[in-house]
Every structure is written in structure tokens, then in C-alpha cells.
2 protein chains.
Amino acid sequence: MAHRDRTIEALITALQRLPGIGPKTAERLAFHLLRIDSAEALQLARAIEEVRAAVKSCRHCFQLDAQDPCSVCADPARDRSMLLVVEDPREVARFEDVGYRGLYHVLQGRLSQLEGIRPEDLTTASLVTRVRDGGFAEVCLATNPDLEGEGTAAVLAEQLAPLGTKVTRLARGLPAGSSIAQVSASILADAIEGRRPLP
Amino acid sequence: MAHRDRTIEALITALQRLPGIGPKTAERLAFHLLRIDSAEALQLARAIEEVRAAVKSCRHCFQLDAQDPCSVCADPARDRSMLLVVEDPREVARFEDVGYRGLYHVLQGRLSQLEGIRPEDLTTASLVTRVRDGGFAEVCLATNPDLEGEGTAAVLAEQLAPLGTKVTRLARGLPAGSSIAQVSASILADAIEGRRPLP
């Protein structure tokens, strides 16, 4: 006799495939989905189905959206002279929240020797084509301020250099609200290196 | 303009309702479900739908199963003189794994003053009826060895006492493989209190 119903096992298996969800958490989530209102559980199932039916990659910037071109690329009010290059589609919402109003280019990852991720695994070729054809005044490489992010930015900067467009990088320095006594040496080194004259 | 597609937001909201899933994890999972093969994402949706369509509470023991009575209650090979009372349907698989072959009763929770969970919120009334009618030789209260689990066992023991059936509790003591130098004082106190004669 099976110790547990086949459909429960199938749900635990499916949940366990999610990143960061181990066997115990998958079991907990599965039994949660069994305990709650059926309507609420089915809402999650439907949300997955709807998102996969509706959302696609924008042909221009590779942002995920229900429309292609995406709502940013299709918006005539955006500043088309500015391109912000991000690693991940999630990061777009962060920049939108702080009022950025240029265009985006989503790399869909970052270069990593360790994980074997090469330029051809990302949308770098499209980026180069876009910058060549797009008439941007500035391309800001907004990859993360860590080893792989910096490495990715360096490779992209090299690929973009022949095109003559101004290429920038997000500022590194003290995080707002931090205390100089507490930040790491590399943060402080960035802050000194990037110091700016008072206006 | 919305910062993010409506269906993505809906999925993040649905994921955030799961226990232990905060906004950041929900976002990460949602974008994972967008990045992976559509077939794999839809497999999770379908697993949720199937489990909710297939699985119900057993009318006798309240275990979750595709059949009612459940596969344990319906199995003629089980020892019908023994009843093990557990808090949660997940715990049934644990006892099955270690070879328990009696019947179960799932309380669907434990008594908790803090969370306002009273006997009528659990399946205690059905338990009393079952023990009165069922001809069990023993009822083992396998609630957890913590404050609420012990409290629940004490209340159940009181309710079952008039029926005359032998009521037991799982042993408390040193966990197998532990070291006496490392275990907590309450574990050691349990181990001394529950010491047994050598055969």
C-alpha cells in the first residue's frame, strides 16, 4: 500500500522543483494547499496557467509582459535616448519604482565562467544591434555590483565601445542610511574612489 | 502605467499567500515559473488542481486520501485494536514509514489558547465517538511533545477516561543518536523520568 495518495506525492514533487523549496517545505506547502479553501488553492493554479498563457518576452528589450512590444517599449512618453541594461526581468520593476523613464534591455542573466554562461546564452547580440541602430545617447550597464555583474559589464562595455555611444555604470558607494562604522571595506573603498565634488 | 504585468502580479499575490513565502520569495518563484519550460510550470498548476479534485478527508479518521474511507481504514490487514491519534495528516506518513500498522485518527490541529483553537475546532468529538464504538484495545495520543501537544493530550485523556479504553502517550526521552552532553535539560529530565528496567 502506498503511504500517501499519488496526487499528493505528485504535488510535493512539483513543488520541490521550485528553487529553494526542499522536501519538508514542499510537503508543508502541499498540505497547506489541501487544507485551505479549494477556491484559494485553485487560484494559485489558475494564476500559473494565466501567467504562462499571457506573458511573453518583448522582442525589443526581453522584458516579460502581456504585450509585445512590452508596455515600456510601446509607450511614446518614454525617453528613447536612454537605455538601462539589467540582468533580470525582476529588476525592471525596481527601476520603475524609483522613477526611471528611459528604455530597458534585459540580459536574461549574467556571464559566469563557473556556471558556464557565455555571451551567446544572454541577449548581448540583440543589445549590440539595438545600440548600433537605436540612436541612444547613453547606455547604462546596471548589472549587479558583484564579481559576475562587474565582469558582465566589462565584457559588454568592450563590445559596445566601437559603437561610440556613451556607456555608463550605476554608482557604487555608501548605501543610503548606512553607517560608515558598519559598512564593509570594499563599500568604503568604492565610496572614496567615487567621491564627488560638492556643487 | 502598471510597473508589471497584471498576471505576474496576480501570481506573486497567490504565491505570497502560501505559508513562509514572503514578497521577495514570491517574486523569485513567479519569475522562475515564467522562465522554465511552460510544460513544467503547468505541471505544478495541474498537480494543484488534481490534488484538490482527488483528495478528501476520510470519514472515519480524517486522513487525506483519494478514497473515502481512506486506504488505511479500508485495509482489512490493519490492526483494528490500535488507534494512533495525530495532530496533522502529514504525520501519518511518518508512522507508516516506521512500520505502524494500526489505525489513525487525525485531529486536524492541536488545542491552543493563544491561537483560540478549542476542542470543537478539532475532530475530538469524532474521536470520542470512535473510541466509544470502535472496540480499541489502546488509544495512543501521538500529539507533539511540546506545550500545546501535551495540553491537547491531557484534554483528550480526560475525555477518553470514562470510556475505559487504555490510553497511552508516545515515549519521551533521549533521541536516538544524540549525545547526553548535548541534549537539553528537559530531554534529560524526560529520559530519567521515563527510565525502564533492562529486560
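**View 1. The largest pocket has a volume of about 480 Å³.** Keep in mind that this is a predicted model. So what sits closest to the centre of the largest pocket? Among its 23 lining residues, that spot goes to A:Arg35, B:Asp88, B:Pro89, B:Gln108 and B:Gly109.

**View 2. Here are the helices and the strand that help line the largest pocket.** From chain A comes α2 (23-35), while chain B brings in β1 (56-57) and α4 (90-97). Each of these three elements supplies at least two residues of the lining. Which element gives the largest share? That's α2(A), with five residues.

**View 3. Now look at the kinds of residue lining the largest pocket.** You'll find 10 charged residues, eight nonpolar ones and five polar ones in the lining.

**View 4. Chain A and chain B can be laid on each other.** Give chain A a turn of 179 degrees, with a shift of 0.0 Å along the axis, and it lands on chain B with an RMSD of 0.1 Å. The two copies are therefore related as by a two-fold rotation axis. Which C-alpha of chain A is nearest the axis? It belongs to A:Ala45, 2.0 Å away from the axis. Both copies use the same surface, too: 100% of chain A's contact residues turn up again in chain B.

**View 5. Zoom in on chain A and its domain assignment.** Domain 1 covers residues 6-54, and domain 2 covers 67-197. How far apart are the centres of these two domains of chain A? Taken over C-alpha atoms, 34 Å separate them.

Technical notes: Residues numbered from 1 in each chain as written. Chains lettered and ligands numbered in written order. Predicted model: local features only at pLDDT ≥ 70, side-chain atom pairs only at ≥ 80, totals over all residues. Heavy atoms only, no water. Least-squares fit on C-alpha atoms with pLDDT ≥ 70 in both. Contact = heavy atoms within 4.5 Å. 1 Å grid on protein atoms, 1.4 Å probe; cavity = no way out; pocket = protein on both sides within 12 Å on 5 of 7 lines; lining within 4 Å. Points joined across faces, edges and corners; volume = space filled by probe spheres on them. Helix = DSSP H or I, 4+ residues; strand = E, 2+ residues; numbered from the N terminus. Nonpolar A, V, L, I, M, F, W, Y, C, P; charged D, E, K, R; others polar. Domains from an automatic or database assignment.
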